[in-house]
Amino acid sequence: MLGSQAVTQTKPIKLKKMREFKKVTTDELTTILLTLPNGIGSTATVLQYTSPKCTKFIRNIKQWDAVKGKDVKIPFTDEIRKSSNVPIIVATDYERNVVNQLNRENLPETEYKKGINTMPIELDESINTFAGKFKGKGVIQYRPNPNPKLKVITQFYLNKNEVLKSELPDVLPVPSKPKNQGTKKPILWRKLYIENIKQISIQGVRYENTECSI
């Protein structure tokens, strides 16, 4: 197990002063987000705690197995958690963002090939377009804010101990660009279970989920 070690961070994100701060449960936060007005193009900041989908074995490392008489892959059985403080845009439309980017790059809109939505969000209980439910669980969908002045602050935890990303075994998922957008600059789009939101600052209020932890 790797020991705890301080992480050197980039300059913190400067947020507008929140008028209110409220501590809530996951269910309460879900209800709040479902009932917020749309506010097209609204910005927010979310602190999320997630578990990366790691590989079952550590890449590029093997160990000798005397019983099998050969080198074998090393299983990865530890827990990695990721904390991300992300400036986001909500109540925006994914397809419109892709088409607008194609226009900016002087590319034909036909370059965008609509793919299969593997996580369709139900908006029946919502009065907005960014919060809904998937298989009964609260979910938000958002675009990470592309403003280069706004930085994502990320921390990793191995078995609840804070570590540098470089100290983690090679098991993290490899980022890949969307293949169907046709854009030179990809449009990032994320969906996040509300139970994984530790804090969210939106429409002048900062909410803290007391049930979300590393």
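## Close-up views of a predicted model

Among contacts in the chain between residues at least 6 apart in sequence, 78% join residues at least 24 apart. Keep this number in mind as you look at the views below, which all show a predicted model.

**View 1. The whole chain, with its helices and strands.** Let's start with the overall layout: the chain holds 2 helices and 12 strands. If you follow the sequence from its start, the elements come in the order β-α-β-β-β-β-α-β-β-β-β-β-β-β. The C-alpha atoms fit in a box of roughly 60 × 45 × 35 Å along the principal axes.

**View 2. The surface of the chain.** How much accessible surface does the chain have? It comes to about 13,500 Å², and carbon and sulfur atoms account for 51% of that area. Turning to what lies under cover, 37% of the 214 residues count as buried. The chain also carries 36 positive and 21 negative charges, and the mean positions of these two sets are 6 Å apart.

**View 3. A patch of positive charge around Lys68.** Here you can find four lysines, Lys62, Lys68, Lys70 and Lys73, gathered on the surface in a patch of positive charge. Lys68 sits in the loop that runs between β3 (57-65) and β4 (70-75). Is Lys68 buried or exposed? Lys68 counts as exposed because its relative accessibility is 58%, and the cut-off for exposed is over 50%.

**View 4. Ile197 and its surroundings.** Now look at strand β11 (residues 197-202), where Ile197 is found. Ile197 has a relative accessibility of 0%, so this residue counts as buried. Which residues touch Ile197, once neighbours within four places in sequence are left aside? The contacts are Leu29, Leu33, Val46, Leu47, Ile140, Leu192, Asn209 and Cys212. You can also trace a link across the sequence here: Ile197 and Thr50 are 147 residues apart along the chain, yet their C-alpha atoms are separated by 8.6 Å.

**View 5. Thr30 in helix α1.** Our last stop is helix α1 (residues 26-34), which includes Thr30. Why does Thr30 count as buried? The reason is its relative accessible area of 8%, since buried means under 20%. Apart from neighbours within four places in sequence, Thr30 is in contact with Lys133, Gly138 and Ile194. While you are at this helix, look for Leu29 and Leu33 too, as both are among the contacts of Ile197 from the previous view.

Key: Residues numbered from 1 in each chain as written. Predicted model: local features only at pLDDT ≥ 70, side-chain atom pairs only at ≥ 80, totals over all residues. Heavy atoms only, no water. Helix = DSSP H or I, 4+ residues; strand = E, 2+ residues; numbered from the N terminus. Buried < 20%, exposed > 50% of the residue type's maximum accessible area, 1.4 Å probe, protein only. Contact = heavy atoms within 4.5 Å. Areas by Shrake-Rupley, 256 points an atom, 1.4 Å probe, with all protein chains shown as cover. Lys, Arg positive; Asp, Glu negative; His and termini not counted. Charge placed at Lys NZ, Arg CZ, Asp CG, Glu CD. Patch = residues over 30% accessible without salt bridge, like charges linked within 9 Å, V, L, I, M, F, W, Y side chains within 5 Å. Salt bridge = Lys/Arg side-chain N within 4 Å of Asp/Glu carboxyl O.
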